[in-house]
Amino acid sequence: MKPLTAAGWALAGALLASSAIYLIPVLGPGPAPASTDEEAEAVSPAGGVSLDGKAAAHAGLRIVELQAAVAASERTGFARALDLGPLAGINADIQGARAVFAASDAEARRQEALAAQDQSASVRAVELARAQARVDRARFVLAQRRIGLEYGSGLSRLESELDRLVSEASRGEAALVRLDFQDGAPPAGADVTISDGNIHATAHVLGPAVGADPNLQSAGVLAIVRGSAAHALAVGRVMTAALAGSGPVRTGVIVPREAIVRTQGAMWVYRLDPAGTFHRVKLQDAVARASGWFVTAGLRPGDRIAGAGATVLLGIEAGPPAEDE
């Protein structure tokens with residue numbers, strides 16, 4: 001066994017309060033090979049990491065046994081949070097135009113009533129009042145149509161609730177997102193799951209959005225997210241969208257979020273082999289769920305992985321920084 005350098009022992013001691021820690025280099029064939037070449041490539045190359053009981057306790061290491069999970073087939077797409085500032089301006093214009101039209105319409109009716117009673121209202125005054133009412137009505141209708149023209153017909157159906165939506169969005173209780181699926185837009189009324197690893201929320205589809213996505217060339221839809229997740233949907237943020245499909249049910253496991261470490265541009269977990277050594281395994285085609293990440297390849301029910309404390313294993317495996325010559 002190759003001994004650790006002094007710097008290596010110093011790093012290990014800093015991580016685990018001078019507990020007994022040792023690295024196991026590759027000796028002989030190593031751990032049992034994965035069932036497929038693809039899975040074998042997803043396992044960390046250099047041996048693994050082993051901790052004795054005292055070291056594991058200092059690291060706060062907790063072992064999790066993966067359980068079988070099933071999920072219906074899904075259609076996947078993208079979700080992007082939209083800016084509701086312009087919509088708030090449209091809402092203010094609608095309310096202002098409604099008030100002006102109501103006043104001019106009432107004035108026109110008053111002039112008509114006076115003229116009918118042969119009082120002080122002249123024919124010219126009646127015509128001017130009617131003309132002003134028509135102009136104000138046109139402005140009111142245009143303000144209403146801006147919702148559909150600038151956002152989409154899906155949102156224009158919510159005109160009566162627009163003030164409520166703007167108020168909720170200002171308090172971080174609601175967010176408007178655009179959903180794009182390359183294989184066809186989801187229907188109005190459908191619930192779509194959106195996530196990016198840190199956020200997991202349900203978006204209720206309203207209807208068509210304006211324009212096509214420049215990358216997917218797809219007809220998008222608008223959807224509303226309400227609840228605690230809405231405040232985290234920053235404008236322009238792109239997330240994964242998933243809609244339940246009609247295909248076969250998939251089987252896999254749910255990996256808890258605390259077990260995941262991120263390095264080399266990917267997500268990994270540390271799987272414990274029968275000899276007591278942790279090996280880093282790459283998550284493949286992982287899909288975010290409320291309870292963790294759903295994985296169909298590379299991990300199996302009954303596998304034991306490091307939960308809390310997994311980042312300590314990553315630090316030990318990385319080793320001390322290279323010293324200058």
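**Salt bridges and the buried face of helix 7**

Arg130 is partly exposed, with a relative accessible area of 32% (buried means under 20% relative accessible area, exposed over 50%, and partly exposed in between, with a 1.4 Å probe and protein chains only). The model is a predicted one, in which local features need pLDDT of at least 70 and side-chain atom pairs count only at pLDDT 80 or more, while totals for chains, interfaces and linings use all residues. Residues are numbered from 1 along each chain as its sequence is written, and side-chain values use heavy atoms, with hydrogens and water left out.

Arg130 makes a convenient starting point for the charged pairs. Its side chain meets that of Glu112 in a salt bridge, at 2.6 Å from N to O (a salt bridge is a side-chain nitrogen of Lys or Arg within 4 Å of a carboxyl oxygen of Asp or Glu). This pair links distant parts of the chain, with Arg130 in helix 5 and Glu112 in helix 4, 18 residues apart (helices are DSSP runs of H or I with at least four residues, strands are E runs of at least two, and both are numbered from the N terminus). Glu112 is likewise partly exposed, at a relative accessible area of 30%.

A salt bridge also joins Arg130 to Glu127, where the closest N and O atoms are 3.4 Å apart. Here the partners are 3 residues apart in helix 5, so about one helical turn separates them. Glu127 counts as partly exposed, with 39% relative accessibility.

A contrasting setting is found for Arg271 and Asp303, whose side chains meet in a salt bridge of 3.4 Å, N to O. Arg271 belongs to strand 13 (residues 266-272) and Asp303 to the loop between strand 16 (292-295) and strand 17 (304-306), so this pair ties together parts that are 32 residues apart in sequence. Both Arg271 and Asp303 are buried. In total, the structure holds 14 salt bridges, and a network of them links Glu161, Arg164, Glu168 and Arg226.

Glu168 leads on to helix 7 (residues 162-170), where Leu162, Leu165, Val166 and Glu168 are buried. Viewed down the axis of helix 7, these buried residues fall within an arc of 165 degrees, so they line one face of the helix (the arc is that of the directions from the helix axis to the C-beta atoms). Their cover includes helix 4 (85-116), helix 5 (123-150), helix 6 (153-156), strand 6 (174-180) and strand 9 (219-226), with contact meaning heavy atoms within 4.5 Å. Just after helix 7, Gly172 adopts a positive phi of about 75 degrees.
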